[in-house]
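Q: I would like to go through this structure step by step. Could we start with the chains and then look at how they fit together?
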Amino acid sequence: MNKSYKIEVDCANCAAKMEDAAKNTEGVANATVSFMAQKMKVEFVEGADEKAVMKNVLKACKKVEPDCEIEF
Amino acid sequence: MTKKQKKVLIRIIIAFVLLIVLKFMPISGWVAFALYMIPYFIIGYDILRKAILGIVHGEVFDENFLMAVATVGAICLGDYSEGVAVMLFYQIGELFQSYAVGKSRKNISALMDIRPDYANIEVDGKLEQVDPDDIAVGSIIVVQPGEKVPIDGKVIEGSSTLNTSALTGESVPRDVSEGDEIISGCVNMTGLLKIQTTKAFGESTVSKILDLVENSSMKKSRSENFISKFAKIYTPAVCYGAVALAILPPLVRMFFLQMEPAWSDWVFRALTFLVISCPCALVISIPMSFFGGIGGASKCGILVKGSNYLEALSETSYVVFDKTGTLTEGVFKVNKVFPETEKIAEEYLLTIAALAESYSSHPISKSLKEACTKELNTEQVTDIEEIAGHGVTAKINGREAAVGNAKLMQKLRITYTECKEPGTIVYVALENEFIGSILIADVTKKNAKSAISSLKQNGVKKTIMLTGDNKKVADAVGKELGLDEIHSELLPADKVSLVEKYLDEKDAKAKLAFVGDGINDAPVLTRADIGIAMGAMGSDAAIEAADVVLMDDDPAKIALAIRISRKCIRIVYQNIVFALVIKGLCLLLGALGIANMWAAIFADVGVMVIAVLNAMRALNTKKTG
């Protein structure tokens, strides 16, 4: 399953860090962040619970960039 | 300005005023420290918070940490005002940069803003605006002049002129009337249109294009990946460098040179070093340049599906074309008329042929009729007889006419002059006497020849044409357009294997682009380094199979796309080199103690702003030159 989320992040470097953080979250097969489009695209592992995974993604992202937001 | 930015601006102003006031107050010692802490925390609390959170989370080497260490360091050394000022200027820089980046992003996004916000439906004689997502297939929507067509459909009432420039980059308007297919994303210019939708909003052209453009920045280029990898090594390396700079020289001075260690001087240099080192200018300017390039291209009706394809496009040195529909119009038209004697007018010859064929539904008769400028009076045609595989005979005003191929002439024992041009030849005889021949062929596109030559000018090494058509026609078209290699009489599978052969032969750096019209060449489009589909307005298959989509079917856009990509890549390299050189220079000067904190802030924020401004140039695309 693939889904795209609107995000809020201020700097490009932070966006890159968020991408790494999201990639390493359990239940996420792959993730890309576009700073320019302010979007995060997440590919979920088969059978993963989207809401639960995204909660952890947000938590992981907050760790690397406290100011970021993900709408889900 | 966003709310966040306004808040920062207010903090900057307060801190700045306080700093000026404190500068003129005769204070020292602990009192000074306490008072300076007020503006310091006003301006820097979020940075300090993030720095601490970073340390807690094990994310030590980010710019917040660098700034916190630098300013706390300055304060520990007793230079309170410097500490506050550095934080203040860092925030000014950040604000400026976030404003510039936000503005640029908006500029680029505005270019791609073809999203329709609503659709009108008629309820009890009144128009109501609804979300296009809620419109079912087959519903009837109303598009008023000045509005965007929200959903693909068919015109059932009204006629108007459409502006397609948002989709194709072409400013020539398109006329539509009842019964015509209409594509979402066009702007209705003159008349009221009633449209029956044929697709859901999510499946409409405009949604597909928006999706494509929005996701394009997700496919990252080599340079982008290089920079993010580089940043991961660079930041810790600079931090260790700074630590070394703070500790090693004083130790060397103390133990080897028997000099004063001058700790504070070296620590300060190390702090400056840290401020300079922020990798943000690099990290932002690269994706921004690509975004600008993709935006500029889409303004011209060229949709690029990702930064990686834009990068590949700039390295194109082989361009392989499909013939029909790509270099040629793909429709059969009267190409040339050859009257047998000078006394016979071309128009007369055409009219005879068209009249004789007037009751036929054969594509050839269609093109003959289209070539006639005058209305045909079909009442004068009698005794029509179709001879399968040969042509027709008919009486026109009582005179016997024969129109068909060479076999028909031989059958009727009419002596004719053979026409050697490539294409389909129609021979015309009247009262058993040959009066001339007409050449019907697929005509080359108006811009095809100049498109090929401008590819050459832009450094494309080889242009190749592949076609399923016969050798005679293919060679003629290839020669006319000036292509380097021509392969004819190919089956779709042959096209794939030929492209694979070229892919094997070329060196790895040179890229091969395949240009097709998206109809049954999807396998080749995917196999080539860059698949370019043209004439994609309304063709979903092409949009999906290709990496680059030309919205109209002008082959000259290929050279334009290559030029845009080259400019974009040039800007990317300029930014990489510029940022690295300035940073490197400032790092060196900082280490030597020549560059102070102010130069350091410039190296951080100034370089970034210049790089962002440079990146914005990628947005400007010249159509010619």
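Q: In what pattern do the helices and strands of chain A follow one another along the sequence?
A: In this predicted model, chain A reads β-α-β-β-α-β along its sequence. That comes to two helices and four strands.

Q: Why does chain A count as compact as a globular protein of that length?
A: The globule rule gives 11 Å for 72 residues, and the radius of gyration of chain A is 11 Å, so chain A is as compact as a globular protein of that length. Its C-alpha atoms fill a box of roughly 35 × 20 × 20 Å along the principal axes.

Q: And how much of chain A is buried?
A: Buried residues account for 44% of the 72 residues in chain A. As for its contacts, of those between residues at least 6 apart in sequence, 57% join residues at least 24 apart.

Q: Now chain B. How many helices and strands does chain B have?
A: Chain B has 21 helices and 22 strands.

Q: What is the radius of gyration of chain B, next to that of a compact globule of 625 residues?
A: Chain B has a radius of gyration of 35 Å, whereas a compact globule of 625 residues would have one near 25 Å. The box filled by the C-alpha atoms of chain B is roughly 120 × 70 × 40 Å along the principal axes.

Q: What share of chain B is buried?
A: In chain B, 45% of the 625 residues count as buried. Among contacts in chain B between residues at least 6 apart in sequence, 65% join residues at least 24 apart.

Q: Is helix 10 of chain B buried or exposed?
A: Helix 10 of chain B, residues 307–314, has eight of its eight residues buried, so it is largely enclosed by the rest of the structure. Its buried residues include Ser307(B), Tyr309(B), Glu311(B) and Leu313(B).

Q: Turning to the largest nonpolar core, which residues touch the most other members?
A: Ile532(B) and Val548(B) do, in a core of 171 residues. Helix 20 of chain B, residues 556–592, provides the largest share of this core, 16 residues. Leaving aside residues up to four places away in sequence, Ile532(B) touches Ala513(B), Phe514(B), Val515(B), Ala546(B), Val548(B), Leu550(B) and Ile558(B).

Q: What does the second core include?
A: The second core is separate and has 31 residues, among them Ala353(B), Ile364(B), Ile425(B) and Val426(B).

Q: Next, the contact between the chains. How many residues does each chain give?
A: Chain B gives 18 residues and chain A gives 15 residues. Helix 2, helix 4, helix 7 and helix 9 of chain B each supply at least two residues of the side that touches chain A. The largest share of that side, six residues, comes from helix 9 of chain B. By class, the side of chain B that touches chain A has 10 nonpolar, four polar and four charged residues.

Q: At what angle do helix 9 and helix 21 of chain B pack?
A: The two helices pack at an angle of about 10°, with their axes 8 Å apart. Angles under 35 degrees count as roughly parallel, and therefore helix 9 of chain B is roughly parallel to helix 21 of chain B.

Q: Which residues of helix 9 and helix 21 of chain B meet?
A: Cys280(B), Ile284(B) and Met288(B) are among those on helix 9 of chain B, and the residues on helix 21 of chain B include Val607(B), Ala611(B) and Met616(B). The residues of this contact divide into 10 nonpolar, three polar and no charged.

Technical notes
Residues numbered from 1 in each chain as written. Chains lettered and ligands numbered in written order. Predicted model: local features only at pLDDT ≥ 70, side-chain atom pairs only at ≥ 80, totals over all residues. Core = buried A, V, L, I, M, F, W, Y, C linked by C-beta atoms within 7 Å. Buried ≥ 20, exposed ≤ 12 C-beta atoms within 10 Å, placed from the backbone. Contact = placed C-beta atoms within 7 Å. Rg over C-alpha atoms; globule rule 2.2 N^0.38 Å. Nonpolar A, V, L, I, M, F, W, Y, C, P; charged D, E, K, R; others polar. Axes fitted to C-alpha atoms, helices over the stretch in contact; angles between N-to-C directions. Parallel < 35°, antiparallel > 145°, perpendicular 65-115°, else oblique.
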